[in-house]
Amino acid sequence: MIKKKIWLRYLIGGIFSLTIFNINISCSQEEKDCSMKSEFIYLNNSDFKLETPIGIILPQSNLSKKYDFLGSCHAIPTDYLPPFRDVLTIKVDETKCKTYNSSSLTEGEGPLVISNYISEKIDENNFKFIYTFSNEDFQNVEDCN
């Protein structure tokens with residue numbers, strides 16, 4: 001009878017130990033947040049001065065912004081979002097305006113959607129995104145309100 005109680009205690013202890021071990025292993029396999037770096041470069045190949053929410057881009061020049069945030073440890077270009085969302089109005093030569101719209105994070109015009117950029121992998125979780133403005137982008141601009 002005493003041997004049964006001893007074996008039963010060892011059995012319960014073993015089951016408890018295995019349960020704790022399995023919980024520990026499953027928790028350690030969860031994906032952790034990693035540093036995601038990006039650089040967004042806006043090339044202005046037009047003859048117009050462009051004023052955006054992140055800065056002014058003179059004709060035939062560029063504007064570069066770097067970002068660092070936490071996200072997936074195995075990032076791909078489509079995991080990134082451009083610095084502009086929903087609606088973007090760019091002031092053209094201080095009097096005219098060009099407005100871009102998006103219907104979601106994956107569908108939209110111009111620099112609002114990451115698929116409209118050229119992407120280049122710099123390193124693990126580090127990408128460069130390039131968007132180019134041309135004269136054709138500003139043919140139908142309107143007066144700013």
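**Exercise 1. Determine whether K91 is buried, partly exposed or exposed, and describe its surroundings.**

Step 1. K91 has a relative accessible area of 31%, and the classes are set as follows: buried means under 20% relative accessible area, exposed over 50%, and partly exposed in between, with a 1.4 Å probe and protein chains only. K91 is therefore partly exposed. This is a predicted model, in which local features need pLDDT of at least 70 and side-chain atom pairs count only at pLDDT 80 or more, while totals for chains, interfaces and linings use all residues. Residues are numbered from 1 along each chain as its sequence is written, and side-chain values use heavy atoms, with hydrogens and water left out.

Step 2. Next comes the element that holds the residue. K91 belongs to strand β5, which covers residues 87-92; strands (E, at least two residues) and helices (H or I, at least four) are DSSP runs, numbered from the N terminus.

Step 3. Contact means heavy atoms within 4.5 Å. When neighbours within four places in sequence are left aside, K91 is in contact with K49, L50, E51, K96, C97 and C144. The C-alpha atoms of K91 and T52 are separated by 6.8 Å, although these residues are 39 apart along the chain.

**Exercise 2. Work out which strands form the open sheet that includes β5, and in which order.**

Step 1. Two strands pair if DSSP finds at least two bridges between them. Strands of a sheet pair through backbone hydrogen bonds, either parallel or antiparallel.

Step 2. Five strands make up the open sheet, in the order β3-β2-β5-β6-β9, and their pairing is antiparallel. At the edges are β3 (55-57) and β9 (142-143), each of which pairs on one side only.

Step 3. One pairing can be followed in detail: β2, residues 50-52, and β5 pair in the antiparallel sense over two bridges. Within it, L50 stands opposite V92 in β5.

**Exercise 3. Describe the largest nonpolar core and state which residues touch the most other members.**

Step 1. A nonpolar core is a set of buried Ala, Val, Leu, Ile, Met, Phe, Trp, Tyr and Cys residues joined through side-chain atoms within 4.5 Å.

Step 2. The largest such core has 23 residues, of which Y42, Y117 and F133 touch the most other members. Two or more residues come from each of β1 (34-44), β5 and β8 (126-133), and β8 gives the largest share, four residues.

Step 3. Residues up to four places away in sequence not being counted, Y42 touches I54, I57, S61, N62, L63, P83, F84, P111, Y117, Y131 and F133.

**Exercise 4. Find the polar partners of N44.**

Step 1. N44 has its place in strand β1 and is buried, with a relative accessible area of 0%.

Step 2. A polar contact is a pair of N or O atoms within 3.5 Å; within protein, one must be able to donate a hydrogen and the other to accept it, and residues adjacent in sequence count only if both atoms are side-chain atoms. The side chain of N44 makes such a contact with the side chain of S46, at 2.5 Å, and a polar atom of the N44 side chain lies 2.7 Å from the backbone oxygen of F48.

Step 3. Beyond residues up to four places away in sequence, N44 touches L50, I57, L58, P59, Q60, S61 and F133.

**Exercise 5. Establish how many disulfides the structure holds and which parts of the chain they join.**

Step 1. A disulfide is a covalent bond between the sulfur atoms of two cysteines; here the criterion is a pair of cysteine sulfur atoms within 2.5 Å. The structure holds two disulfides.

Step 2. C34 and C73 form a disulfide with sulfur atoms 1.8 Å apart. Because C34 lies in strand β1 and C73 in the loop between β4 (61-71) and β5, the pair ties together parts that are 39 residues apart in sequence. C34 is partly exposed at 25% relative accessibility, whereas C73 is buried at 15%.

Step 3. Another disulfide joins C97 to C144, with an S to S distance of 1.8 Å. This pair links distant parts of the chain, since C97 is in strand β6 (residues 96-101) and C144 in the segment after β9, 47 residues apart.

Step 4. With bonded cysteines counted along the chain, the disulfides follow the pattern 1-2, 3-4.
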